[in-house]
Amino acid sequence: MTSRPMPGLSRFNTLQENAASAALHEVCASSAWGSKLLAQRPFKTAEELFAASDAAMAELGAEDLAEAMAGHPPIGRPKPGDPTSSREQRGMAGASEELKAEMLELNLAYQERFGHVFLICATGATGEQMRDAMKARIGNDTRTEREIVRTELGKINRIRLTRLAEEDVEVEEDKD
């Protein structure tokens, strides 16, 4: 496997800690996860970054997972002005009004049952696939669902970390 240039990873490795922390928070809202990754910089490869992310995700407790989930809007209702959630939930953009109404009902039932938003790696999934996954998972016990959520968060983090590592985008730093 050949290694391709990772201008974003190089930039991330050299960011001041507060700017790197902010970049990681955009990937995952868990401060424990972000702190674990910050402590391991610099990363030589994206694979090294992914491994660190996976290890940090595996160590998150219930409160840390809740903090991570709080950074995600409900399926079908991306955060206004947030291109990341809109891009990730693109499969719901063209959904029928009937499907959107069904997703709202299912989201509310799921939140009532588990106390948090339904979390799924929505990238590339259709509205129907997300609905079917929610229907299948709503009957899970709390422990099983928490581990599924952990896995889904890991998938989302990898997608977002890939963007962070690949994109040659300026990250705003405090100059104080």
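# Getting to know a ten-helix chain

Student: How far along helix 10 are Glu 147 and Arg 150 from each other, in helical turns?
Tutor: This is a predicted model, so everything we say here is about the prediction. In helix 10, Glu 147 and Arg 150 are 3 residues apart. An α-helix has 3.6 residues a turn, so residues three or four places apart point the same way. That spacing means Glu 147 and Arg 150 are separated by about one helical turn.

Student: How close do the N and O atoms of Glu 147 and Arg 150 come in their salt bridge?
Tutor: Side chains of opposite charge can pair when their charged atoms come close. Glu 147 and Arg 150 form such a salt bridge, and the gap between their closest N and O atoms is 3.0 Å.

Student: Of Glu 147 and Arg 150, which is buried and which is partly exposed?
Tutor: Buried means under 20% relative accessible area. Glu 147 has a relative accessible area of 36%, so it counts as partly exposed. At 13%, the buried partner is Arg 150.

Student: Okay, let's zoom out. How many helices and strands are in the chain?
Tutor: From the N terminus on, the elements run α-α-α-α-α-α-α-α-α-α. So the DSSP runs give a count for the chain of 10 helices and 0 strands.

Student: What share of the residues of the chain count as buried?
Tutor: The chain has 176 residues. Taking those under 20% relative accessible area as buried, the share is 43%.

Student: Among contacts between residues at least 6 apart in sequence, what share join residues at least 24 apart?
Tutor: Here we look at contacts in the chain and leave out pairs under 6 apart in sequence. Of the contacts that remain, the share joining residues at least 24 apart is 72%.

Student: Which residues have the most contacts inside the largest nonpolar core?
Tutor: The largest nonpolar core has 47 residues. Helix 1 (7-14), helix 2 (17-27), helix 3 (31-38), helix 4 (46-59), helix 5 (62-69), helix 8, helix 9 and helix 10 each supply at least two of them. Those with the most contacts inside the core are Phe 12, Trp 33, Leu 37, Ile 75, Met 130, Leu 153 and Leu 161.

Student: Leaving aside neighbours within four places in sequence, what is Leu 153 in contact with?
Tutor: Leu 153 is one of the residues with the most contacts inside that core. With its sequence neighbours set aside, Leu 153 touches Met 57, Leu 65, Ala 68, Met 69, His 72 and Leu 119.

Student: Within how wide an arc do the buried residues of helix 9 fall?
Tutor: The buried residues of helix 9 are Gly 127, Met 130, Arg 131, Ala 133, Met 134 and Arg 137. Looking down the helix axis, they line one face of helix 9, because they fall within an arc of 160 degrees.

Student: And what covers those buried residues of helix 9?
Tutor: We just saw that they line one face of helix 9. Their cover includes helix 7 (90-93), helix 8 and helix 10 (142-166).

Student: How far apart in the chain are Lys 135 and Glu 102?
Tutor: Their side chains meet in a salt bridge (3.0 Å, N to O). Lys 135 is in helix 9 and Glu 102 is in helix 8, so going by the helix numbering two helices are involved. The pair links distant parts of the chain, and their separation is 33 residues.

Student: Which residues are linked with Lys 135 in a network of salt bridges?
Tutor: A search of the whole structure finds 10 salt bridges. In the network that holds Lys 135, the linked partners are Glu 102, Arg 131 and Asp 132.

Student: Is His 116 buried or exposed?
Tutor: His 116 is found in the loop between helix 8 (97-114) and helix 9 (127-137). Its contacts beyond four places in sequence are Met 69, Tyr 110, Gln 111 and Val 149. At 17% relative accessibility, His 116 counts as buried.

Student: Which residues are closest to the centre of the largest cavity?
Tutor: The structure holds 1 cavity of 30 Å³ or more, and the largest cavity has a volume of about 110 Å³. Of the 14 residues lining it, the closest to the centre are His 72, Ile 75, Glu 88, Gln 89 and Ile 120.

Student: Last one: where is Pro 42?
Tutor: The peptide bond from Arg 41 to Pro 42 is cis, with omega near 0 degrees. Most peptide bonds are trans. As for its place, Pro 42 is in the loop between helix 3 and helix 4.

Conventions
Residues numbered from 1 in each chain as written. Predicted model: local features only at pLDDT ≥ 70, side-chain atom pairs only at ≥ 80, totals over all residues. Heavy atoms only, no water. Helix = DSSP H or I, 4+ residues; strand = E, 2+ residues; numbered from the N terminus. Buried < 20%, exposed > 50% of the residue type's maximum accessible area, 1.4 Å probe, protein only. Contact = heavy atoms within 4.5 Å. Arc of directions from axis to C-beta. Salt bridge = Lys/Arg side-chain N within 4 Å of Asp/Glu carboxyl O. Core = buried A, V, L, I, M, F, W, Y, C linked by side-chain atoms within 4.5 Å. 1 Å grid on protein atoms, 1.4 Å probe; cavity = no way out; pocket = protein on both sides within 12 Å on 5 of 7 lines; lining within 4 Å. Points joined across faces, edges and corners; volume = space filled by probe spheres on them.
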